[in-house]
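This report deals with the ligand site of one protein, the pocket that holds the ligand, and the backbone of a loop.

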Amino acid sequence: MKRAVYPGTFDPVTNGHLDIIKRASKLFDEVVVGVLRNSAKTPLFSTDERVNMLREVTKDIPNVRIQAFDGLSVDFVRACDAQVIIRGLRAITDFEYELQMAQTNRILAPDIDTMFLIAGLKFTYLSSTTVKEVATFGEDVSRFVPACVGEKLREKYAGKTRQ
Ligand code: ADP
């Protein structure tokens, strides 16, 4: 069975992430979306919230599974019995970091390959960070994230809207 892991913070999942998940699900028998628990980024949403949002938005894709993980991606990939790491590339700004990560992972685990999917044209500008920034001002984020994620963002920022 060809299995890939798509690791990330997903704080929260955006339409850009979802596009990568859908496309990867057509390339592999199974895609495990790995939600990094202890991110250095101090996520807005708890691990459970991030996992639940991802489960909700992928519930109609039968070969996608969502799982939280700690530690190195390559260890998680091995534990999943997967052979490939999926990452998304939006612009040249992503490239340097992703190249470093991919090369480091290749040294740690030569049997695991990183596969990059180029962001869909409609999603190249989109990041969880900018979505959160827009949501803090009480703006509508329905063009950027699935409806249930927009709802969660509204709940998070309710009463805390910036001027
Ligand atoms: P990180 O894993 O670096 O904390 P994210 O969880 O936001 O970042 O993203 C996980 C992966 O998805 C990364 O490879 C990132 O480049 C990619 N990604 C993020 N946003 C998009 C998007 N709009 N379109 C395609 N890929 C994306």
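## The largest pocket

A pocket is here an open set of points, on a 1 Å grid over the protein atoms alone, where a 1.4 Å probe fits and which has protein on both sides within 12 Å along at least five of seven lines. Its volume is the space filled by probe spheres set on the points. The structure is a predicted model, and its largest pocket has a volume of about 1000 Å³.

The lining of this pocket is made up of 42 residues. Those nearest the pocket centre are Gly8, Thr9, Lys41, Arg87 and Glu98. By class, the lining has 19 nonpolar, 16 polar and 7 charged residues. At least two lining residues come from each of β1, α1, β4, α4, β5 (113–118) and α5 (128–136). Among the elements, α4 gives the most, with 9 residues.

## The ligand and its shell

Where does the ligand sit? The ligand occupies the largest pocket. Two or more residues of the shell around the ligand come from each of β1 (3–8), α1 (15–27), β4 (84–89) and α4 (92–108).

There are 17 residues around the ligand, and the ones that come nearest are Tyr6, Thr9, Lys41, Gly88 and Leu126. Sorted by class, the shell holds 7 nonpolar, 5 polar and 5 charged residues.

## Polar contacts and cover

Two side chains approach oxygen atoms of the ligand. For Arg87, a polar side-chain atom is 3.0 Å from a ligand oxygen. For Glu98, an N or O atom of the side chain lies 3.3 Å from an oxygen atom of the ligand. Arg87 and Glu98 are also among the residues nearest the centre of the largest pocket.

The backbone takes part as well: an N or O atom of the Phe123 main chain lies 3.0 Å from a nitrogen atom of the ligand. On its own the ligand has 540 Å² of accessible area, and the protein covers 92% of that area.

## The loop between β1 and α1

Which residues does a cis peptide bond join? The bond links Asp11 and Pro12, with omega about 0°. Pro12 is placed in the loop between β1 and α1.

Phe10 is placed in the loop between β1 and α1 too. Although Phe10 is not a glycine, its phi is positive, at about 50°. The two elements that flank this loop, β1 and α1, each give two or more residues to the shell around the ligand.

Technical notes. Residues are numbered from 1 along each chain as its sequence is written. This is a predicted model: local features need pLDDT of at least 70, side-chain atom pairs count only at pLDDT 80 or more; totals for chains, interfaces and linings use all residues. Side-chain values use heavy atoms; hydrogens and water are left out. A residue is near a molecule or strand if one of its heavy atoms lies within 4 Å of it. A polar contact is a pair of N or O atoms within 3.5 Å; within protein, one must be able to donate a hydrogen and the other to accept it, and residues adjacent in sequence count only if both atoms are side-chain atoms. Accessible areas come from the Shrake-Rupley method with a 1.4 Å probe; for residues, only the protein chains shown count as cover. On a 1 Å grid over the protein atoms alone, a cavity is a set of points where a 1.4 Å probe fits but cannot get out, and a pocket is an open set with protein on both sides within 12 Å along at least five of seven lines; lining residues have an atom within 4 Å of a point. A molecule sits in a cavity or pocket if more than half of its atoms lie within 2 Å of its grid points. Helices (H or I, at least four residues) and strands (E, at least two) are DSSP runs, numbered from the N terminus. Ala, Val, Leu, Ile, Met, Phe, Trp, Tyr, Cys and Pro count as nonpolar, Asp, Glu, Lys and Arg as charged, and the others, Gly among them, as polar.
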